[in-house]
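Trainee: I am new to this structure. Please give me a close look at one part: the surroundings of the ligands.

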Amino acid sequence: MSRSVKKLTGLVAATFTPLTAEGEINLSVIGPYIDYLIEKQNVKSVFVNGTTGEGCSLTVDERKQIAAAWCQHGKGKLEQVVVHVGCMSIKDSQELARHAASIGADGIAVISPSFFKPINADALRLFIKEVSTSAPDVPMYYYHIPGMTGVELEAADVLNGIEQMIPSFQGVKYSGTDLRDLGQCVCYCQSHNWSVLFGVDEQLLGALVLGVHGAVGSTYNYLGLIVNQMLSAFDKSNHMQSRALQLEFMEVITFAKNLGFDVGVNKQVMSEVSGLVLGPPRLPLLPCPVSKAQAIAQKIKDFSQRH
Ligand SMILES: CC(=O)N[C@H](C=O)[C@@H](O)[C@H](O)[C@H](O)CO
Ligand SMILES: CC(=O)C(=O)O
């Protein structure tokens with residue numbers, strides 16, 4: 001890598017993809033969305049076209065347009081724009097990686113392909129390497145999300161030796177719940193000065209104890225301020241306060257999960273809380289009844305008002 005890398009830390013919002021009522025991407029919302037994250041949530045970095053952004057439900061061309069809009073409108077405002085470029089076809093991922101480099105993205109990330117699955121960690125490392133060669137100067141993150149991909153390889157095994165294959169490698173976004181594997185990733189990344197970003201928002205405090213450097217998640221779109229409070233309490237070793245905040249947060253997510261909390265519901269919740277019109281999700285996700293989203297949004301607003 002020729003340029004110096006800004007380490008990715010703190011809270012990163014996994015962005016929703018705004019769609020029109022007709023289901024087309026709606027770029028006009030991205031400018032106001034950036035202002036909302038910065039001004040109302042104090043969140044200054046984003047992860048675009050990931051799970052929350054329905055990246056795998058978008059066409060390659062739509063993904064390019066969305067990523068370009070975040071980079072363009074985020075210039076001078078956002079600290080980092082990380083673009084998820086994972087696809088089933090390595091060619092599509094390479095094209096998206098090249099595009100991310102051309103629009104000045106601060107990082108790229110890839111999930112494992114999940115239809116034909118890599119047979120072992122070597123195969124997955126090779127896939128990530130071949131994507132990174134299309135954007136050799138852009139920091140590369142492995143996005144571990146076994147619950148969605150069904151690829152159960154341990155992330156720490158995927159990291160093993162990866163620095164020899166991918167000079168631009170910068171860390172892992174860990175959206176699994178195996179704390180032993182997470183701890184192994186923290187040790188490995190620590191020794192290379194890479195970042196581990198945790199991706200199970202309702203369990204973040206457990207991951208902070210293990211030494212993760214930041215978090216990428218959907219809920220930081222509307223609970224960024226509160227979770228930032230939790231991070232500060234943790235940094236000051238105020239365990240009582242950080243625990244109280246995480247436990248309250250868990251209660252909100254449990255309430256949401258009991259109502260069926262998928263990305264479609266989550267997107268409508270964000271619309272309700274922020275006032276941004278993000279539109280419906282794309283099939284196979286179904287639009288969420290407004291009453292359900294409002295009930296969850298109310299819990300979120302109550303939680304925010306208490307702090
Ligand atoms: C599966 C999924 O969408 N995971 C997100 C990121 O990885 C999280 O941010 C969750 O949305 C969040 O933890 C709420 O469960
Ligand atoms: C949560 C997350 O990182 C994603 O939506 O991809």
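Mentor: Start with one term: a residue is near a molecule if one of its heavy atoms lies within 4 Å of it. The model is predicted, so local features need pLDDT of at least 70, side-chain atom pairs count only at pLDDT 80 or more, and totals for chains, interfaces and linings use all residues. Residues count from 1 along each chain as its sequence is written, chains are lettered from A and ligands numbered from 1 in the order written, and side-chain values use heavy atoms, without hydrogens or water.

Take ligand 1. It has 14 residues around it. Those that come nearest are Ser-175, Gly-199, Asp-201, Glu-202 and Ser-218. By class, this shell holds four nonpolar, six polar and four charged residues. Here Asp, Glu, Lys and Arg are charged; Ala, Val, Leu, Ile, Met, Phe, Trp, Tyr, Cys and Pro are nonpolar; the others, Gly among them, are polar.

Now the polar contacts (pairs of N or O atoms within 3.5 Å). The side chain of Glu-202 puts an N or O atom 2.6 Å from an oxygen atom of ligand 1. For Ser-218, a polar side-chain atom lies 2.7 Å from a ligand 1 oxygen. The side chain of Ser-175 has an N or O atom 3.0 Å from an oxygen of ligand 1. How much of ligand 1 does the protein bury? On its own, ligand 1 exposes 390 Å², and the protein buries 83% of that. Such areas come from the Shrake-Rupley method with a 1.4 Å probe.

Turn to ligand 2. Ser-218 returns here, among the residues around ligand 2. Ala-14, Phe-47, Gly-50, Thr-51, Thr-52, Tyr-143, Lys-173, Val-216 and Gly-217 are there too. That shell divides into four nonpolar, five polar and one charged residue.

Its contacts use both backbone and side chains. From Thr-51, a polar backbone atom is 2.8 Å from an oxygen of ligand 2. From Thr-52, a polar side-chain atom lies 2.5 Å from a ligand 2 oxygen. In Lys-173, an N or O atom of the side chain is 2.6 Å from an oxygen of ligand 2. Alone, ligand 2 has 210 Å² of accessible area, and the protein covers 94% of it.

Where do the ligands sit? Ligand 1 is in the largest pocket. The space that ligand 2 takes is the largest pocket as well. A pocket is an open set of points on a 1 Å grid over the protein atoms alone, with protein on both sides within 12 Å along at least five of seven lines. A molecule sits in it if more than half of its atoms lie within 2 Å of its grid points.

One backbone detail to finish. Glu-54 has a positive phi of about 55°, though it is not a glycine. Most residues other than glycine have a negative phi.

Notes
A polar contact is a pair of N or O atoms within 3.5 Å; within protein, one must be able to donate a hydrogen and the other to accept it, and residues adjacent in sequence count only if both atoms are side-chain atoms. On a 1 Å grid over the protein atoms alone, a cavity is a set of points where a 1.4 Å probe fits but cannot get out, and a pocket is an open set with protein on both sides within 12 Å along at least five of seven lines; lining residues have an atom within 4 Å of a point.
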